[in-house]
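Subject: Structure handover and notes

Dear colleague,

I am passing on the structure we spoke about, with the sequence alongside. My notes on what was found follow below it.

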Amino acid sequence: MTEQDWLSARFAEHQDRLRAVAYRMLGSPAEAEDAVQEAWLRVGRADTGQVENPAGWLTTIVARVCLNMLEARRARREDSAGALPPEPDASHRSSHPNTPATPEDEALMADSVGVALTVVLDTLTPAERLAFVLHDVFAVSFTEIGAIIDRSPAATRQLASRARRRVQGTADVSDAARSPKREMVAAFLTAARDGDFTGLLELLDPDAVALEIRGAHAVAAFFAGRAQAARIALVDGVPAAVWWHRGRPQAVFTFTINGAKITRIAVDTDPDRLRGLDIVLLPTGDKERR
């Protein structure tokens, strides 16, 4: 058997596991397939003379490809976050890449890493995400993971622990993410982006207040055509909107709702207070993407 035949046989043997690793790392079946194909190209160029554990070696290659893709995705999201409305450049609304494409994919993810992870996984840094997924889902040792991300086993353990606390601390995120308040905030953002003045009026209490603006008509006129860069999020567990720019929250919009109407919209831009908030960006649904 030639070396190429041996490589092909080992890759085929472990391909399902490699695809599963890539899917859980990237959250997208299409991106997972791209990662596995890129890994195969790298395998074909590699020196296999020192390979003693083909499964671990192939997993390491796929993990490194996924890490590069996560870092590139994070950089694109920061560069395209835009500025506060109404500047046209702010209209690039990124979808949440770790939302599974089908009900089957969603079930697969939930079985392996829990429902809460479908919401919070994309908020982790690439290194945290890799450490958590590889260790907690695929039982890869911290020594092996550390070699991938150039960290000591102790530092890698800390990354996984931090990510695990993040996931465990959001056990009720799914309920909050599907709450009526979340729907109200999402509807408000959609109407604001679309310049839907009538839609905004339907959501606002007649005496609504936003910033120093009073009255539903004045508030609707102010927000119509804006909020292009705002993202739906949970802020300290409560649905809100966040302007996220260059990897940091720049403004948080909180909503007071009474009787199915928005009565107040408050905006906080204080960096010190924002740093103390627990912010979880939520998946962007069809309503918000419209």
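Which residue takes a positive phi just after α12? Before the answer, please keep in mind that this is a predicted model. The residue is Gly225, whose phi is about 85 degrees.

Helix α12 itself, residues 216–223, lies across β1, β2, β5 and β6, and runs at about 60 degrees to β1. Its buried residues are worth a look in your viewer: Ala216, Val219, Ala220 and Phe223 are buried in α12, and because they fall within an arc of 100 degrees when seen down the helix axis, they line one face of the helix. These buried residues pack against α10, α11 (197–203), β1, β2, β5 and β6. Helix α10, residues 180–194, also lies across strands, in this case β1, β3, β4, β5 and β6, and it runs at about 165 degrees to β3.

The strands that these helices cover belong to an open sheet of seven strands, in the order β2-β1-β6-β5-β4-β3-β7, with mixed pairing. At its edges are β2 (213–214) and β7 (279–281), each of which pairs on one side only. Going through some of the pairings:

- β1 (residues 204–210) and β6 (residues 261–268) pair in the parallel sense over three bridges, with Leu204 standing opposite Ile262 in β6.
- β5 (residues 248–258) pairs with β6 in the antiparallel sense over seven bridges, and Thr254 has Ala266 in β6 as its bridge partner.
- β3 (residues 230–235) and β4 (residues 238–245) pair in the antiparallel sense over six bridges, and the bridge partner of Val235 in β4 is Val238.

The strands β5 and β6 form a hairpin with two residues between them, and in the turn Gly259 has a positive phi of about 60 degrees.

Turning to the nonpolar cores, the largest one has 39 residues, of which Met25, Leu130, Leu134, Ile145 and Ile149 touch the most other members. The elements that give two or more residues to this core are α1 (3–26), α2 (29–45), α3, α6 (126–137), α7 (142–149) and α8 (153–168). A second core, separate from that one, has 31 residues and includes Leu189, Ala210, Ile262 and Leu282. As for Ile145, once its neighbours within four places in sequence are left aside, Ile145 is in contact with Leu130, Ala131, Leu134, His135, Val140 and Thr156.

Is Val65, a residue of helix α3, buried or exposed? Val65 counts as buried because its relative accessibility is 4%, which is under the 20% cut-off. The helix that holds Val65 covers residues 54–79. Leaving aside neighbours within four places in sequence, the contacts of Val65 are Ala35, Glu38, Ala39 and Arg42, while Asp34, 31 residues apart from Val65 in sequence, is 9.5 Å apart from Val65 in space, C-alpha to C-alpha.

Finally, some totals for the whole chain. Its secondary structure comes to 14 helices and seven strands, and of its 290 residues 44% count as buried. Among contacts with a separation of 6 or more, 66% are between residues 24 or more positions apart. The accessible surface comes to about 14,200 Å², and 50% of that surface belongs to carbon and sulfur atoms.

With best regards

Conventions. Residues are numbered from 1 along each chain as its sequence is written. This is a predicted model: local features need pLDDT of at least 70, side-chain atom pairs count only at pLDDT 80 or more; totals for chains, interfaces and linings use all residues. Side-chain values use heavy atoms; hydrogens and water are left out. Two strands pair if DSSP finds at least two bridges between them. Helices (H or I, at least four residues) and strands (E, at least two) are DSSP runs, numbered from the N terminus. Buried means under 20% relative accessible area, exposed over 50%, partly exposed in between (1.4 Å probe, protein chains only). Contact means heavy atoms within 4.5 Å. A nonpolar core is a set of buried Ala, Val, Leu, Ile, Met, Phe, Trp, Tyr and Cys residues joined through side-chain atoms within 4.5 Å. Axes are lines fitted to C-alpha atoms, for helices over the stretch in contact, and angles run from 0 to 180 degrees between N-to-C directions. Accessible areas come from the Shrake-Rupley method with a 1.4 Å probe; for residues, only the protein chains shown count as cover. The arc is that of the directions from the helix axis to the C-beta atoms.
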